[in-house]
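Q: Please take a close look at a single part of this model, namely one chain, its make-up and its contacts. A connected account would be better than a list.

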Amino acid sequence: MVTIKRAFFLLILLLGACSTRPPSQLPPVVEGGSQSTESLPPGEEAAAAPVIEASPENRASQGAVVALLDRADHYQRLGDNDSASATLERALRIDPRNAQLWHRLAAVRLQQGKVAQAEQLAFKSNTLSGGDKSLQARNWALVARARWAQDDAAGARTAERKAAEARR
Amino acid sequence: MPPKKRKAPRRPGKRRKIKRSRFPWIKLSLILLLIVGGYIGWLDFQVYRQFEGKRWSLPARVYARPLELYAGLSLRPAQFTNELRALGYRFVSTPRRAGEVSRDGNRYQLITRPFTFWDGRERSQTLRVTFSGQQVTRLQDDRNGADVALARLEPLEIGSVHTARQEDRILLQLSEVPDTLTEALIAIEDRSFYQHSGVSPRAIARAFWVNVRSGEVVQGGSTLTQQLVKNYFLTNVRSLWRKVNEALTALLLERRYTKDEILEAYLNEIYLAQDGQRAIHGFGLGSLFFFQRPIEELSTAQLALLVGMVKGPSYYDPRRHPERAKQRRDLVLRVMYEQTLIDQAEYQKSRNEPLGLVGAVAGTSKQFPAFVDLVRRQLRRDYREEDLVSEGLKIFTTLDPQVQWALQKSLDERVQPLLKEHPEMQGAGLVTHSANGEVLALAGGRQAGFAGFNRALDARRHVGSLIKPAVYLTALEQPKRYSLATLLDDGPLEHQQTDGVWSPNNYDHKFHDQVMLYQGLANSYNVATARLGLDLGADAVIRTLRRLSVSSPLNPYPSLFLGATDLSPLDVTSLYLNFASGGFHIPLRAIRSILDGEGEPLQRYDLEVARVIDPQPAYLINRALQSVVEEGTARSLNYRFSRDLGLAGKTGTTNDLRDSWYAGYDGAQLAVVWMGRDDNQPMGLTGASGAMQVWSRLYAQTGAVRNQPALPDGFALHGVDRASGGLADSGCADTVQLPFIETGALPPPAPCASGGARKWVPEWLQ
């Protein structure tokens, strides 16, 4: 699974490198931390200033996220939802765009009886889910359960229908 | 009876005589005994109460976020070093104890300190951290090289919640105190501590003799027990009565408690320093206050310094009188050497050691006053004041010292050069995590240490163009009517109102004819925005703002579209978090969790989200805010930041250049910056030339993360001709790719799109 992810990531990198961008008048990019941007003199906006590139994608941080997910599982098995929730929030600080983490947090909120929050967190997970239909289906199923718990039968049925659509 | 009567004249006299000579004496003694006994009993009770009851009220302690270490963490070695320094880690050649670290190029080896968090105890770990560029690439157990998935450093203490003139201390058990300290203390202050029973007549006699000989008070004859009593119960008035009281109480204390119990109380009670309104008591807090390290990590010289201060904490204050304090420390070291507590080598080494103090602000609330102010406000809303100042709560906040230092530095760097011309120039800023609403940094004014007016929370200023995204969002939520390419009229406008004609002007005093909707926002055109607002209606825009949790008063007049309303940087942060988070309202949080005095979980502030903008318009407004940086008023950011980052934001400038605003975000954080003068006079800066420069410096230091939300379902990307706003094809030279909702309005083909007609044919045929 990890290797597939890595290969996919490399593919994206390659595609990104191929994509055409308008030739920029920007100065050469300085990579690495040797040239600190902290030392820029005040008012220095000249073209000589190095361009800040995106921080490296933290694929390596998946190890930390997986460790925290394991720990959250452990807490949930013990019925300690508060600690599970704190642990998932910790993971989200490391990887805030991870739709799976948001889904897991929604599931914990559902167990805690915080059904309205469970529903909202499932929405959040869906906005980050990209093309992951299976995750979307699970999120809608979770929304349906949260809505049943709030006596919103019509809303729950809508969510169930969306879950079914996503599964197709 | 008669004989009695007869004798009466004499015997009563005799009796009286006896009564006088014997009975009053006994009675008096009895009364005296009763009084003294009662008094001693009362003293004894006081001793008992002070010792057995709740001995000390402890202020709540406030902590920054702990630094989480893991492979893949974005962090520069310089930042890591700063964090370790702030935590009082010692840089050594080979770390042997907790709180020590060594650095070899990009590799750090360190031993962390144990700490109890909300979700359990983090034990002390021996770690190897390897950096490459701006990233931690590997985290290992330094003893066996095994990879470690995750480790937490202990959090930096950033303040405490106390009342005026309150005592503050960190309670220590005797077993936690280094023997060197207690031995040195006894050698200096009370050599016969383990022999006497509370008072030491010999010590008093010796002190008396020394004092008489020198003609002044050189030596005190007080035992540690007496000193403890003095600190505990009594005022500082020098009198014989107090001395007697002190001695009596000391004797009682010794009768009731063991030497170790008394010593432990002494170590926690002794007064060592004053920190503003806070009195520093006990060696536990004293160690942190002067060295930013727990007591078990102090060197012999540092312990000797603390021991030496007991005699006169202000006279020997090492920060104010370093020379005097050093002499006293060296005297303590000599006594330790003479008493063979340390050997000659240790003595010589310690004498040559510098005092090794940390700055006066480290570990106190002076360091981050504006942020701690926000924390206190949240605490006062949820807790009783008396619990906050007495229960020893541990408050875990969201402050990220790295971001805080960068924010304050960026703000000061921008404001400093302007002070000559505008001594009144001020600024404020707030940085939040856009996924969870955690406040990472907060600057309430131009100087870090100044705990005055907190502008980030309390300065309510005209927001100008910062309000415009609410107008554009209101439009984009009607996809049948509006898309990013919808043409808006930026020609002269005269709007009839009850109080006259409203004719807004653009900042560049030009009109731009027809502009695409996204361009109206990107270039912050007032006239186009005003027309759009008038089309939508003030009520609709106000409904949008209310939904985005703007709660301050809003005037239902067209001037609202151009920002004629007052908001604080905190309000603006709350508003823009809706955009930065992809359409979710996230309550701002400064506190993660609270532990009670025993380290048991008390409360957690959960992450909460609420969808307030549907995914499609949320995507579009983010795209429009990105165009502000791509080609609009914030485009100068492109000199410093790669276009690939997809930075988004909005400048704000108010009439006559009174306020300079920038609210901007990347894929991880939102930062809002304001600059202006407290007296609301013009200061010559636009949003782009003032606040945005602070923003730019900040993100250059903290690093930027790509802002690239996933395209929601039901979207199509189309090339649009910049000149006409029509759909482009290969025949058009200057185009921009824009996302369109598939079921929504699409622009007509552009004049340059020669192939436009051909393209339609196959569809008709189908």
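**Chain A and its contacts**

A: Read from the N terminus, the elements of chain A follow the order α-α-α-α-α-α-α. The model is a predicted one. In numbers, chain A has 7 helices and 0 strands. The chain comprises 168 residues, and 32% of them are buried. Contacts within chain A can also be sorted by separation along the sequence: of those between residues at least 6 apart, 43% join residues at least 24 apart.

The next point is how chain A meets chain B. On the chain A side, 43 residues are in contact with chain B, and on the chain B side 47 residues are in contact with chain A. Three helices of chain A, α2 (62–77), α3 (81–94) and α5 (115–127), each provide at least two residues of the side that touches chain B. Of the elements, α3(A) contributes the most to this side of chain A, supplying 9 residues. By residue class, the side of chain A that touches chain B consists of 19 nonpolar, 16 polar and 8 charged residues.

For the partner, the domain assignment of chain B lists four entries: domain 1 covers 66–154, domain 2 covers 161–351, domain 3 covers 439–702 and domain 4 covers 715–765. Taken over C-alpha atoms, the centres of domain 1 and domain 4 of chain B are separated by 55 Å.

To return to chain A, its 7 helices include α3(A), the element that gives the most to the side touching chain B.

How values were computed:
Residues numbered from 1 in each chain as written. Chains lettered and ligands numbered in written order. Predicted model: local features only at pLDDT ≥ 70, side-chain atom pairs only at ≥ 80, totals over all residues. Helix = DSSP H or I, 4+ residues; strand = E, 2+ residues; numbered from the N terminus. Buried ≥ 20, exposed ≤ 12 C-beta atoms within 10 Å, placed from the backbone. Contact = placed C-beta atoms within 7 Å. Domains from an automatic or database assignment. Nonpolar A, V, L, I, M, F, W, Y, C, P; charged D, E, K, R; others polar.
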